[in-house]
Amino acid sequence: MTDARLPDLGPRPASAESGYDAGSELPTHVGEPIVKVEKLEKYFGSNHVLRGVDLEVRQREAVMIIGRSGSGKTTLLRCINFLEEPTVGWVEVDGVRLQADPLRARSRPHQEKIRQIRLRAGMLFQEFNLFPHMSVLDNCTEAPMRVSGVRRDEAVTRAEGYLDKVGLLEKRDEYPARLSGGQKQRVAIARALCMEPKVLLFDEPTSALDPELIGEVLLVMEDLAHEGTTMIVVTHEMHFAQEAADRVVFMEDGVVIEQGPPEQVLNDPRHEETTHFLRRFLDR
Amino acid sequence: MTVGADSEAIRGAPIVEQIAAARRALTLRFRLTFVFVWLVIILGIGLALAVADAWDWEFAFRSGPIIVLQGAGITLLLSVASIIGATILAVLGAIGRLSSNPVAYAVASFYVSLIRGTPLLVQIYLIYFALPQLGIVLPAIPAGILALSLNYGAYMTEIFRAGIQAVPRGQREAAQALGMPERLYMRRIVLPQAVRIVIPAIGNDFVAMLKDSALVSTITVHETLFLAQRLGRSTFEPVTALLIAALVYWALTIIFSVFQERLERRMARGDQ
């Protein structure tokens, strides 16, 4: 993606870990790696859901993860901020590096590290999960004030800024129950942005929406991507991936099958599984 | 088609009004019958009391106001203080019952098991008569409030536990993803939602508590039943006194049931 708002760091060769073909060039706007997932594995009971995933995401990069349901893409995303404790492997977000430790997952130092990661990685959910007993504004100021210790007036100013960005400033005093699904998800995006995270994780953010409400959410996300927000998006919206992604990652059976720029993965896939998936997807 | 449209145009509006009028008439008849049946029953009871010469107007005028004003006042005080105490205990109990800390879980489970496994009257006696042997002497009213709080707190623990569990899992994940530590999330996100869920049940328990508070008359708390019994005994009019006490409890129950219904309706609206 090229955009006037993004910096141009010039041509640089892509490394093997970057997710682009070695020898090709990185997108000119992406910076240093900010999220690193290494040899990540996850078992649910005896079910081997992630079978060794490596993923590197750079500053200002928009990465879209696609794949059929059950391929492990949502689990991967949830493992990055430890909503699921991975079974094996490492996760690093903005310099906070943490090894999966399922046996001591509840220990205090581990939990504190997890919290440090979560403060750097905002998450959006399929079901929005706004706090229903708080107004839109309070949803946005709660965590900055009580977790980050931001002063109330500053938290309010910040919240109003991000609500304006998602186009819902006039709803600041409404309660979530009065909003449409699309509006709820946009508020959820503003709420996540209020913590000023280094990366946003989107878990199928439009899957629970009525078709006519999907567009407004994707528009906000596209805007964020074009502004250089680092984001990892699990999605079924192929058209959106095509438009907004710097890189598309295709997963199947708990591993990354192939990845690269959207025009490469979506239009000219190299692996049979990807071709298969895309064909079945387009048939529907 | 034209015939149908015509007949609709001619009869459409009137038929809708006819149905509405018929429905109003039915509702009115239902209500009138309701009031009539109540009046018949009350009159019947009054007649039976008159025939048996069980009701004494002189006593009612002389001692009634004391039972109603002082008795109902203490009954209300007991119930309000105890429901507050019980709610606090229930929140702590529910958190304990849901805790992964084995000590907290054990303490909360023991509390619920012990209280639910013994009669309220026995608990009242133990607190008033047995605690002094351990050197803890409580006056009657605090002892009564303590007993009622402990008892209702145990039952309400299970209500609160269900209420906390009824808060969707996504709420926890959203709070965690925002970096909220467990305690903050519990206090700011879960409990406010759980309270909204259990408020109808708390109202229910409050109405029940109004009547169970009569049991603390046995430890000389000057509440409704105690006053009725004492005044009734001293004037040899026990039946009139008990009837007045019954009326006091009934009236309180009706008043608070109406409150509770309104509250529930308002909460239901808020959820939409």
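Below, a student and a tutor discuss a predicted model.

Residues are numbered from 1 along each chain as its sequence is written, and chains are lettered from A, with ligands numbered from 1, in the order in which they are written. In this predicted model local features need pLDDT of at least 70 and side-chain atom pairs count only at pLDDT 80 or more, while totals for chains, interfaces and linings use all residues.

Student: How many helices and strands does chain A have?
Tutor: Helices (H or I, at least four residues) and strands (E, at least two) are DSSP runs, numbered from the N terminus. By that count, the secondary structure of chain A comes to nine helices and ten strands.

Student: What radius of gyration does chain A have?
Tutor: The C-alpha trace spans about 50 × 45 × 40 Å along the principal axes of chain A. The radius of gyration is taken over C-alpha atoms, and the globule rule is 2.2 Å times the number of residues to the power 0.38. For 284 residues a compact globule would have a value near 19 Å, and chain A agrees, with 19 Å.

Student: How many helices and strands are in chain B?
Tutor: From the N terminus on, the elements of chain B run α-α-α-α-α-α-α-α-α. That gives nine helices and zero strands.

Student: What is the radius of gyration of chain B?
Tutor: The C-alpha trace of chain B spans about 90 × 70 × 25 Å along its principal axes. The globule rule gives 19 Å for 272 residues. Chain B is well over that, so it is more spread out than a compact globule, with a radius of gyration of 26 Å.

Student: What percentage of the residues in chain B is buried?
Tutor: A residue is buried if 20 or more other C-beta atoms lie within 10 Å of its own, exposed if 12 or fewer, and partly exposed in between; C-beta atoms are placed from the backbone. In chain A, buried residues make up 48% of the 284 residues. In chain B, with 272 residues, the share is 31%.

Student: Which helix gives the largest share of the largest nonpolar core?
Tutor: A nonpolar core is a set of buried Ala, Val, Leu, Ile, Met, Phe, Trp, Tyr and Cys residues joined through C-beta atoms within 7 Å. The largest one has 133 residues, and A:I65, A:A190, A:V199, A:L201 and A:I232 touch the most other members. Its largest share is eleven residues, from chain B, helix α5 (residues 140–165).

Student: How many residues of chain B are in contact with chain A?
Tutor: Two residues are in contact if their C-beta atoms, placed from the backbone, lie within 7 Å. Chain A brings 19 residues to the contacts, and chain B brings 18.

Student: Which elements of chain A each supply at least two residues of the side that touches chain B?
Tutor: By class, this side of chain A has ten nonpolar (Ala, Val, Leu, Ile, Met, Phe, Trp, Tyr, Cys and Pro), four polar (the others, Gly among them) and five charged residues (Asp, Glu, Lys and Arg). The elements that each supply at least two are α2 (108–120), β6 (121–124) and α3 (136–146).

Student: Where does α7(B) bend?
Tutor: Helix α7 (residues 182–212) of chain B has 31 residues, and a straight helix would span 45 Å at 1.5 Å a residue (times one less than the number of residues). Its end C-alpha atoms are only 37 Å apart. The bend, the angle between axes fitted to the seven residues ending at a residue and the seven starting there, is about 50°. A proline, B:P200, follows within four residues of the bend at B:V198.

Student: Is B:D53 buried or exposed?
Tutor: Phi of B:D53 is near 60°, a positive value in a residue other than glycine. B:D53 sits in the loop between α1 (2–52) and α2 (57–97) of chain B. It has 8 C-beta neighbours inside 10 Å, so B:D53 counts as exposed.

Student: How far apart in space are the C-alpha atoms of A:V256 and A:D54?
Tutor: A:V256 lies in strand β10 (residues 255–260) of chain A. With 21 C-beta neighbours inside 10 Å, A:V256 counts as buried. Not counting residues up to four places away in sequence, A:V256 touches A:V53, A:L55, A:V249 and A:M251. A:V256 and A:D54 are 202 residues apart along the chain, yet their C-alpha atoms are separated by 7.8 Å.
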